[in-house]
Amino acid sequence: MPNGFWGRILNVDLTTGRIQPETLAEKVYRDYLGGYGLGVSVLFDRMVPGADPLGPDNILAFLPGLLTGSGAPFSGRFMVAARSPLTGGWGDSNCGGNFGPALRGAGYDGVFVRGLAERPVYLYLDEERAELREASDLWGLNVRQTEEAIRKATSMDVRVACIGPAGERRSLMAGIVNDDGRIAGRCGLGAVMGAKRLKAVAARGKRRQPLASPETFKEAAESYRALFRHKPSPLASRIPALLARVLPVLRRFRAKLSSGPAQMVIDTYRRYGTASATAMLVELGDAPVKNWMGIGYRDFPLALSEGVSDEAVIASVEKPYACQACPVACGAIVRLPDGGRGLKPEYETLAALGPLAMVSDLDDVVRCGEICNQAGLDTISVGVVVAFALECAEKGWLPSELKDELALDWGDGKVVLELVQRIARRQPGLGDWLADGVQRAAKRLGLEAQEAAIHAGGQELPMHRGLYEPGVALGYHLDPAPGRHTSTNSGSANLAPLAPYFALHGRRPAGRYDYAEKGPTQAIVMPVLRAFDALGLCQFALLMGRPPFLEWLNAATGWGFDEAEFFRAGKRIQVMRHAFNAREGLPARFPLPARERGEPPQAVGPVAGHTLDMDSMASGYFAFLGLDPATGLPLPETARELGLEAVLPSSR
Ligand code: SF4
C-alpha cells in the first residue's frame with residue numbers, strides 16, 4: 001500500500017448503475033498529486049473529446065486533495081472537475097468544509113461519475129459500502145433539507161455534497177454545496193450534476209491514509225500550528241477596517257496593500273473572515289462597483305461600504321465555523337435576518353451582491369446570499385448577472401416582455417432580492433433569462449448590451465479588478481478555467497511561501513504595472529498554486545506565514561520532493577488543463593471586457609489612467625512556460641520535460 005494516499009478511486013456509471021473501484025499507479029500521484037491534478041489526468045485520458053457537458057459522456061469528479069484527511073493544517077479542501085457547461089472547456093471548482101475529508105476517510109482519492117441516471121439518485125459511500133440510492137424524494141429540496149434528509153436516512157456524521165434546485169434545473173451558474181453553504185460554485189458544475197440526476201454524494205469515513213513518516217509529519221504540523229496559538233490582538237484584526245478609513249489619504253499615494261505580518265492576517269481572518277476586506281477593497285479600487293462602471297470611493301463611499309463590511313457583518317455571529325483541520329476558522333454561523341441560521345457571507349458574496357449592484361443594506365445582501373446557498377448557486381455569477389440586468393434596465397436595453405416584470409434599479413435591495421429569488425427558481429421571464437449566466441443573457445439583447453456583460457469565456461468575473469492588480473486579469477484571461485480569482489490569487493507573487501519558486505527561476509516578482517515581467521511572474525505563481533491546490537490546502541494559508549507543505553508532502557508520501565519537482569507537478573497540471581481546452585477547440589486566451597481592460601481608462605479614482613497590456617502579459621506567460629501561444633499546447637521540448645508527449649496532436 002502506498003503512503004500518503006490510498007491509490008484507489010471509484011468509478012461510477014449512472015447509466016448502468018455499475019460501481020467499480022480501481023487502483024491507480026503511484027506515478028499518477030507523483031506526477032499530478034491529488035485534487036484536480038488527479039482529475040485532469042484521468043479526465044483527459046478517459047473523456048471522449050467533444051462530450052456534451054450535460055450529456056452522459058461528461059465525467060464529473062469529486063477530488064479531495066492529496067493531503068486532505070491527513071490532519072495537516074488547512075488541508076480540508078476538495079475539488080470538483082468536469083467539462084464545464086458554462087465555458088465549454090476545462091471546469092474545476094475548489095471548496096472547503098468537511099466533505100473532502102469524509103470522502104478520503106471512506107477510502108477514496110477520487111470519485112468519477114459518468115452516465116445519466118434514469119431517476120434521481122444519490123451516491124452513498126462509507127468504509128465498507130458504495131451504492132446508489134433512490135433520491136426522487138430529495139429532488140426539489142434545497143441544500144439544507146437535502147443534507148438533513150440524508151443524515152436522517154443514514155447517519156448523523158455523514159457529510160453531503162449536493163445540488164439544490166438550481167442544479168436540478170441546470171442553471172449554468174449552479175454549484176455543488178456541502179456544510180449548508182460551502183460551495184464549489186464556479187464553472188457551472190452543479191448543472192452537470194443536475195443533468196446526471198445525481199442529487200448528492202454522501203460520504204462517511206474516519207480512515208486515515210498511512211503516512212511514510214508519521215513522527216516527522218506530526219512535528220511539522222505541530223510546529224506550524226504554534227503560529228496560531230498567539231494571543232489575539234484586537235487592534236491587529238481591526239487594521240483592514242482602519243485602513244479603509246485612512247485610504248482617502250493613502251489614495252493620493254496610490255497605496256498598494258499586500259498582506260501584512262502573518263499574525264495580523266490570522267487575527268483578522270479569525271475575527272472577520274474575508275468580510276474584513278469589503279470597505280477597504282472598495283476604497284482601493286479593487287472591488288468593482290456598479291457593474292464595473294463606478295469609482296468605489298465616489299459612487300459607493302465608506303458610509304455605504306462599511307454597511308457590508310467587517311463589524312457590520314460579524315454583528316450577527318453566533319459561533320465560529322472552520323473547514324476540517326483549519327487552525328483559523330475564518331467562517332462563522334450567523335443569525336439570518338429571518339431568524340434562521342446560515343454561514344457568514346464571504347467577501348465575494350458581499351461585494352457581488354452589494355457594491356456591484358449598489359446595494360448597501362446588509363440584510364438584503366445576506367438574504368440574497370442565503371437564497372443562493374440554499375438553491376446551490378454561485379454568488380459571484382449571480383451578482384454579475386444581477387448588475388448586468390440593472391444596467392440593461394437603466395439603459396433601456398430590455399425587451400418589452402422583460403422590462404415591465406420588475407422595477408429594476410441600482411441600490412434597491414428588495415428588488416435585487418426578488419430578482420435573485422426568480423433566478424434561483426428559474427422563473428419564466430427575468431429569472432430564466434439570467435439563470436444561464438451573463439454571456440447567454442447578453443446574446444438575447446442587442447450588441448450594445450454585450451459590453452455590459454462582464455465575463456471571460458462565459459464565466460462571470462470575480463470581485464477583484466485587473467486594473468488594480470494586472471496579474472489577476474491575466475488569470476481571468478488565459479487560465480483554462482477563465483474568470484477565476486483563485487487561478488492567480490491576486491497579489492500572491494510577493495508572499496513569503498512563493499519566494500523559493502522565484503529564487504528557483506532566478507526571477508523577482510514583477511512590479512504592479514510591469515507588463516514585461518508580469519507574464520513570467522504569473523507563469524511562476526500559477527503552477528505553484530496548481531500544485532498547492534492539488535494538495536487540498538487552503539490558499540489563505542499562504543497569507544499566514546510559510547506553511548511547510550513540502551515537508552508535509554514528503555513526510556506523508558516518503559517522496560523527497562524539492563521545490564523544482566513541486567513546481568514541475570504544478571506546471572504539468574496547468575499544461576494538462578490547457579491541453580484539455582485545446583482538444584476541445586477552445587482558444588488559449590479569452591477576451592476580457594473593455595471595462596476590465598480599462599479601455600477607455602478611468603478618468604478618476606485609484607486606477608485612473610491605466611489600460612491593461614494583455615498581449616505583453618500573455619506572451620510572457622506562454623513563452624516562460626514553453627507553450628504555444630495560439631493553442632496553449634506544450635511545445636515539443638516542454639512536452640518532453642513533463643512527460644506529456646501524448647497530448648500533442650502529432651502523437652494522437
Ligand atoms: S481559512 Fe477559512 S476557508 Fe481556509 S480552511 Fe480555514 S476556515 Fe476554511
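# A chat about the model, starting at Val 111

Colleague: Which residues does Val 111 touch, not counting residues up to four places away in sequence?
Modeller: Val 111 touches Ile 9, Leu 10, Val 12, Ala 61, Phe 62, Leu 103 and Val 201. Two residues are in contact if their C-beta atoms, placed from the backbone, lie within 7 Å.

Colleague: Thanks! Anything I should know before I go on?
Modeller: Yes, this is a predicted model: local features need pLDDT of at least 70 and side-chain atom pairs count only at pLDDT 80 or more, while totals for chains, interfaces and linings use all residues. Residues are numbered from 1 along each chain as its sequence is written.

Colleague: Back to the core, then. Which residues touch the most other members of the largest nonpolar core?
Modeller: Those are Ala 61, Val 111, Tyr 122, Ala 389 and Val 420, out of 212 residues in that core. Helix H16 (residues 379-394) gives the most to this core, with 11 residues. By nonpolar core I mean a set of buried Ala, Val, Leu, Ile, Met, Phe, Trp, Tyr and Cys residues joined through C-beta atoms within 7 Å. In soluble globular proteins, nonpolar side chains tend to be buried together.

Colleague: And what counts as buried?
Modeller: A residue is buried with 20 or more other C-beta atoms within 10 Å of its own, exposed with 12 or fewer, and partly exposed in between, the C-beta atoms being placed from the backbone. Helices (H or I, at least four residues) and strands (E, at least two) are DSSP runs, numbered from the N terminus.

Colleague: OK, strands. In which sense do E1 and E2 pair?
Modeller: Strand E1 (residues 8-13) and E2 pair in the antiparallel sense, over 6 bridges. Strands pair if DSSP finds at least two bridges between them. Ile 9 has Glu 22 in E2 as its bridge partner, and Asn 11 stands opposite Gln 20 in E2.

Colleague: What about E1 and E6?
Modeller: E1 and strand E6 (residues 110-114) pair in the parallel sense over 5 bridges, with Val 12 opposite Val 113 in E6.

Colleague: Does E2 (residues 18-23) lie in the open or buried?
Modeller: Of its 6 residues the number buried is 0, so E2 lies largely in the open. In the hairpin of E1 and E2, with 4 residues between the strands, Gly 17 takes a positive phi near 80°.

Colleague: Which residues other than glycine have a positive phi?
Modeller: Among them are Arg 170, with phi near 60°, and Asp 179, with phi near 55°. Arg 170 is in the loop between helix H5 (165-168) and strand E10 (176-178), and Asp 179 is in the loop between E10 and strand E11 (182-184). Arg 170 is buried because 20 other C-beta atoms lie within 10 Å; Asp 179 is buried too, with 21.

Colleague: Switching topic: which residues come nearest to the ligand?
Modeller: Gly 96, Cys 323, Cys 326, Cys 330 and Cys 538 come nearest, of 13 residues around the ligand. A residue is near a molecule if its C-beta atom, placed from the backbone, lies within 6 Å of it.

Colleague: Why does the ligand lie between domain 1 and domain 2?
Modeller: Domain 1 (8-203) and domain 2 (229-452) both give residues to the shell around the ligand, so it lies between them. The domain bounds come from an automatic or database domain assignment, which also gives domain 3 (470-651).

Colleague: How do the residues of that shell divide?
Modeller: There are 10 nonpolar, 3 polar and no charged residues in the shell. Ala, Val, Leu, Ile, Met, Phe, Trp, Tyr, Cys and Pro count as nonpolar, Asp, Glu, Lys and Arg as charged, and the others, Gly among them, as polar.

Colleague: And how many residues of domain 2 are in contact with domain 3?
Modeller: 19 residues of domain 2 are in contact with 18 residues of domain 3. Helix H9 (residues 262-272) gives the largest share of the domain 2 side, 4 residues. That side divides into 11 nonpolar, 3 polar and 5 charged residues.

Colleague: Last one: where is Pro 600?
Modeller: Pro 600 is in the loop between helix H27 (594-597) and helix H28 (614-625). A cis peptide bond joins Glu 599 and Pro 600, with omega about 0°.
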